[in-house]
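Reader: I'd like a close look at just one part of this model, if you don't mind. Could you pick a strand, go round its neighbours, and then tell me about the charged pairs too?

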Amino acid sequence: MIISIIVAKSSNDVIGINNKLPWRLSGDLKKFKSLTMGHHLLLGRKTYESIGRPLPGRTMLVLSSQDFEDTEFVKYFKSIDSALQYSRGQDEDELFVIGGAKLYEQMLSISDRLYLSSVKVDLDGDAYFPILETELWIVDEISLEKHPQDDKNQFPWTFQVLNKK
C-alpha cells in the first residue's frame, strides 16, 4: 500500500487557521476529490470536525483518543498503526493522509508520496505543514501544474507530485 500525503500549503507553510482552510481554491478542491475518490483518508479528529461530514465515495479513518462509534464510511482509531493495519486489511492500494499538522509531521517519515499544492501567498495561520527534508523527495516533473488566480481560485497555485527517494 502506498502512503500518500495530500496537502495545500501557503508559501510560508500555513495550512489552516481556526480549523479552516485559509483560502478559496476551487481547482485544488477538485484535484483533491479526483485523487482521493474511492480511497481511504487518514485524518485527525479536529480535521474531521472541520470538514463536518463524511466525504462521499471515501472511507475516513479518524484518529482520536476519544471513543466514537464507527459508521459505514467513518472508522475511528486510537493509533496510526491500527488505522494502517485496517487499511491494508481492506486491500487499499493508496492511503491518503489529509491532516492536520501533527499527523502530517508523524507521517512524513513513513509516507511514500506527497501531493503538494503550493499556494503563492504568505498568510497568517495557526496550523503549519512541517519543514520538508527536500533531499528525501524527488519531484515528478510530469505532474507539475501551474494555476493562475481567477474568480474561482483566490490565489495562484501550483501542484506537484513528489516521491520519496
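Author: Here's a walk around one strand, followed by a second strand and some charged pairs. Bear in mind that this is a predicted model, where local features need pLDDT of at least 70 and side-chain atom pairs count only at pLDDT 80 or more, while totals for chains, interfaces and linings use all residues. Residues are numbered from 1 along each chain as its sequence is written, and side-chain values use heavy atoms, with hydrogens and water left out.

Let's go to strand S7, residues 113-119. (Strands are DSSP runs of E, at least two residues, and helices are runs of H or I, at least four, both numbered from the N terminus.) Six of the seven residues in S7 are buried, so the strand is mostly covered. Buried here means under 20% relative accessible area, exposed means over 50%, and partly exposed is in between, using a 1.4 Å probe and protein chains only.

S7 has S1 (residues 2-10) as a parallel partner, joined to it by seven bridges. Two strands count as paired if DSSP finds at least two bridges between them. In this pairing, Ala8 sits opposite Ser117 of S7. S7 also pairs with S10 (residues 157-164), this time in the antiparallel sense, again over seven bridges. There, Leu114 faces Leu162 of S10.

S7 also takes part in a salt bridge, meaning a side-chain nitrogen of Lys or Arg within 4 Å of a carboxyl oxygen of Asp or Glu. Arg113 meets Glu94 at 3.4 Å, N to O. That pair links distant parts of the chain, since Glu94 belongs to strand S6 (residues 94-99) and Arg113 to S7, 19 residues apart. Glu94 counts as buried because its relative accessible area is 10%.

Now for strand S5, residues 74-77. Val74 and Tyr76 on one side, and Lys75 and Phe77 on the other, are all buried, so both faces are covered. S4 (residues 59-63) runs parallel to S5, and four bridges join the two. One of the partnerships puts Met60 with Val74 of S5.

Back to the charged pairs: the count comes to five salt bridges. Among them, Asp67 and Lys78 meet at 2.7 Å, N to O. Asp67 is in the loop between S4 and S5, and Lys78 is in the loop between S5 and helix H3 (80-89), so this pair ties together parts eleven residues apart in sequence. Both Asp67 and Lys78 are exposed. Another pair, Asp13 with Lys9, meets at 2.8 Å, N to O, and here both residues are buried.
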